[in-house]
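Biologist: Before we discuss any details, could you put the sequence and the model on the screen, so that I can follow each answer on the picture?

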Amino acid sequence: MIAEPTAPFLRACRRLPTDYTPVWFMRQAGRYMPEYMALKEKYTMLERINTPTLAAEITMQPINAFNLDAAIIFSDILPPLIGMGLDLEFVGGVGPRLNKSIHSAQDVADLVTPPAAEIMGPTLEAIKLVTAELAPRGIPLIGFSGAPFTLASYAIEGGGSKNYLKAKSFMYNEPAAWDQLMNKLVAVQADYLLEQARAGAAALQVFDSWAGHALSKLDYVRYVRPYNTQLFQKLEKAGVPVINFSTGTSSYLAEVAACGGDVIGIDWQMPLDWAWQQIGHDKAIQGNLDPVALLAPWPELKARADDVLNRAAGRSGHIFNLGHGLFPSVPVDNVRRVIDYVHERTS
Ligand code: CP3
């Protein structure tokens with residue numbers, strides 16, 4: 001039998017009662033912090049990711065600055081695509097770019113699926129360094145990966161996209177290659193996530209950032225759900241809680257939740273109580289403050305944090321987070337203030 005966890009974040013993942021509502025923020029390490037900017041000036045994004053001591057240091061920056069209840073390993077969802085045979089560059093002011101992307105069924109056939117130990121070694125090493133540092137403080141570390149659709153969209157579009165024209169037309173025109181691509185992504189991400197748990201991650205989050213923006217319910221059910229379901233099934237043997245995060249999926253949240261995961265991460269557009277009803281109270285929920293609310297004056301920000309907490313209604317199994325990642329322009333003091341406020345109000 002697995003012993004009950006003591007960390008509030010892990011207890012909330014299991015819907016166990018906690019002394020206060022646990023808080024962490026997606027993109028909690030990043031450009032809004034002067035400590036991060038100092039390292040960004042000296043090293044490229046891929047250097048920061050692939051140097052375990054640097055990745056560990058960046059992971060710890062928000063932990064040392066705020067009373068957060070969980071850390072998330074500093075990396076990105078895209079580096080595993082390098083190991084599969086694509087290339088990746090983070091272009092300043094633009095975002096990620098894949099100069100060698102997928103155009104044909106042959107490109108999919110050429111993708112390789114090496115073990116994570118081979119292609120993501122530095123991140124697995126960083127997880128070991130960070131968990132050694134966090135263990136005495138009782139703070140759990142979250143490992144993560146992208147979900148197959150979100151990664152496929154980058155692999156086919158070659159970068160971010162507005163309408164997902166290339167990714168969706170590939171999906172419609174090349175169903176066999178789509179199936180092969182999604183299966184390869186599931187295999188690589190599942191192995192990577194299981195290795196992260198083995199290296200010390202106490203929870204795992206799968207980011208499906210773009211499926212909800214790109215796809216109707218019909219297409220989600222047909223082209224995404226089978227693969228996400230397989231991925232979450234494979235993660236059951238990780239022995240740690242799994243968070244299923246997506247955005248833009250309010251019109252088919254029940255289908256998203258049915259794919260799996262102990263915790264459903266929701267975006268900021270829907271009321272949390274309504275979302276919890278859609279997914280069922282037998283799952284924990286994570287969210288869902290609008291990240292832009294962190295730019296509002298305190299009374300406004302507090303009102304929005306209160307609304308999220310009121311909708312959670314003190315029910316066990318709520319993890320306070322944003323509905324998407326922190327923006328670089330948020331004031332550090334607002335981040336600190338809202339974390340402390342959630343703790344105070346719920347204890
Ligand atoms: O949450 C964390 O603090 C952990 C680290 C993390 C990063 N990216 C660091 C990062 C995580 C979990 C991600 C996930 C990620 N990356 C997602 C899914 C989450 C989401 O936001 O929906 C996606 C879609 C990506 C792809 C990606 N990486 C984009 C679109 C960009 C450019 C946009 C931007 O903010 O610059 C990145 C770069 C990136 N990933 C940065 C960081 C800190 C910024 C790099 C820099 O300039 O310092």
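Biologist: Is Gln61 buried or exposed?

Modeller: This is a predicted model, in which local features need pLDDT of at least 70 and side-chain atom pairs count only at pLDDT 80 or more, while totals for chains, interfaces and linings use all residues. Residues are numbered from 1 along each chain as its sequence is written, and side-chain values use heavy atoms, with hydrogens and water left out. Buried means under 20% relative accessible area, exposed means over 50%, and partly exposed lies in between, with a 1.4 Å probe and protein chains only. Gln61 sits in helix H4 (residues 52-65), and since its relative accessibility is 8%, Gln61 counts as buried.

Biologist: Which backbone nitrogen does the side chain of Gln61 reach?

Modeller: If we leave out residues up to four places away in sequence, Gln61 touches Met33, Glu35, Tyr36 and Leu39, where contact means heavy atoms within 4.5 Å. A polar contact is stricter, being a pair of N or O atoms within 3.5 Å; within protein, one must be able to donate a hydrogen and the other to accept it, and residues adjacent in sequence count only if both atoms are side-chain atoms. At 3.4 Å, the side chain of Gln61 reaches the backbone nitrogen of Tyr36.

Biologist: Which residues are closest to the ligand?

Modeller: A residue is near a molecule or strand if one of its heavy atoms lies within 4 Å of it. Polar side-chain atoms lie 2.5 Å from a ligand oxygen atom in Arg31 and 2.6 Å from one in His324, while an N or O atom in the side chain of Ser209 is 2.4 Å from an oxygen atom of the ligand. In total 24 residues surround the ligand, and the closest are Arg31, Tyr36, Lys40, Ser209 and His324.

Biologist: Which helix gives the largest nonpolar core its largest share of residues?

Modeller: A nonpolar core is a set of buried Ala, Val, Leu, Ile, Met, Phe, Trp, Tyr and Cys residues joined through side-chain atoms within 4.5 Å. The largest one has 129 residues, and those with the most contacts inside it are Phe9 and Trp178. Leaving aside neighbours within four places in sequence, Trp178 is in contact with residues including Phe149, Ile156, Phe170 and Tyr223. The largest share of this core, 13 residues, comes from helix H11.

Biologist: How far apart are the end C-alpha atoms of H11?

Modeller: Helices (H or I, at least four residues) and strands (E, at least two) are DSSP runs, numbered from the N terminus. The expected span of a helix is 1.5 Å times one less than its number of residues. For the 25 residues of H11 this gives 36 Å, which agrees with the model, where the end C-alpha atoms are also separated by 36 Å.

Biologist: Why do the buried residues of H10 line one face of the helix?

Modeller: In helix H10 (residues 165-173), the buried residues are Ala167, Lys168, Phe170 and Met171. Their cover includes helix H9 (148-157) and H11, whereas the face turned away from the buried side carries the exposed residues Leu165 and Asn173. The arc is that of the directions from the helix axis to the C-beta atoms, and the buried residues of H10 line one face because they fall within an arc of 155°.

Biologist: What arc do the buried residues of H17 cover?

Modeller: Helix H17 (residues 298-312) has 15 residues and reaches 21 Å between its first and last C-alpha, close to the 21 Å expected. Its buried residues are Trp298, Leu301, Ala305, Asp306, Val308, Leu309 and Ala312. They lie on the same side of H17, because the arc that they cover around the axis is only 160°.

Biologist: Is Ala313 buried or exposed?

Modeller: Ala313 comes just after H17, in the loop between H17 and E9. Its phi is near 55°, a positive value in a residue other than glycine. With a relative accessible area of 60%, Ala313 is exposed.
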